[in-house]
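Work through the exercises below with the sequence and the model in view. Try each task before reading its solution.

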Amino acid sequence: PILASAHENGCICLWSTQGNLVKELLPFSKYPSVPLTALCTDISAKMLLAGSKEGHIMCWSIASFLEDPQNSKNQIKEELCWRAHSNEVVALFHEEEKNVVVTASIDGSVRLWHAMDGYYLGYFGQPRKFELPDIRRLILPCDVNNFPTIIKEESKHVEKKKFEYPLMLDRDK
């Protein structure tokens with residue numbers, strides 16, 4: 001088993017049950033790292049979902065990594081990112097059988113999304129019934145104006161390298 005923790009710097013840490021850090025994830029995003037506020041997985045632990053303080057949902061494929069965490073070939077791949085709310089995400093739930101993600105925000109809204117592509121399906125309290133199999137029409141909630149982003153294999157997050165720049169006094173300058 002692996003334990004996951006979400007952090008203020010936007011990082012997700014995966015831990016062994018002995019308390020050892022196994023892996024550290026930083027979301028690939030065009031936005032700066034923001035605090036993560038919610039985490040969940042599907043029942044079979046194939047996907048890891050995280051919600052942020054700015055209302056984004058990020059989705060990683062973790063199945064191959066969990067089969068053998070020691071094998072460096074088994075990577076965790078971020079697959080999807082979308083804006084779910086205009087405010088902080090406080091809860092996430094993945095319903096594997098229906099293939100939907102339920103998100104809740106600090107503003108009290110609860111929304112339903114298609115798990116594989118981040119398409120908006122509706123909100124709890126809406127007058128019409130949810131059309132779960134109908135994802136042909138791409139709509140967005142009124143407070144969100146960004147469509148889901150599918151993360152391509154070649155756009156992996158580049159880890160920051162640390163460089164040392166010692167201070168040197170140059171009397172000529």
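Helices (H or I, at least four residues) and strands (E, at least two) are DSSP runs, numbered from the N terminus. This is a predicted model, in which local features need pLDDT of at least 70, side-chain atom pairs count only at pLDDT 80 or more, and totals for chains, interfaces and linings use all residues. Residues are numbered from 1 along each chain as its sequence is written, and side-chain values use heavy atoms, with hydrogens and water left out.

**Exercise 1.** State how many helices and strands the protein has, and give their order.

Solution. Count the elements: there are one helix and twelve strands. Then read along the sequence, which gives β-β-β-β-β-β-α-β-β-β-β-β-β.

**Exercise 2.** Describe where A4 sits and what it touches.

Solution. Start with the element: A4 belongs to strand β1, residues 2–6. Next take its accessibility. Buried means under 20% relative accessible area, exposed over 50%, and partly exposed in between (1.4 Å probe, protein chains only). A4 has 41% relative accessibility, so it counts as partly exposed. Last, list its contacts, that is, heavy atoms within 4.5 Å. Leaving aside neighbours within four places in sequence, A4 contacts C13, L14 and L39.

**Exercise 3.** Find the largest nonpolar core and the strands that supply it.

Solution. A nonpolar core is a set of buried Ala, Val, Leu, Ile, Met, Phe, Trp, Tyr and Cys residues joined through side-chain atoms within 4.5 Å. The largest one has 15 residues, and those with the most contacts inside it are L49, I57, W82, L92, V101 and W113. At least two of its residues come from each of β4 (36–41), β5 (47–52), β6 (56–61), β7 (77–83) and β8 (89–95). Apart from this core lies another, of twelve residues, including L25, A50, I76 and C81. C81 counts as buried because its relative accessibility is 8%. Now look at L92: leaving aside neighbours within four places in sequence, its contacts include L49, I57 and V101. Over the whole protein, buried residues make up 36% of the 173 residues.

**Exercise 4.** Decide how many disulfides the model holds, and explain the case of C59.

Solution. Apply the rule: a disulfide is a pair of cysteine sulfur atoms within 2.5 Å. The count by this rule is zero. For C59, the closest cysteine sulfur is in C40, at 8.9 Å, so the two are too far apart for a bond. C59 is also buried, with a relative accessible area of 2%.
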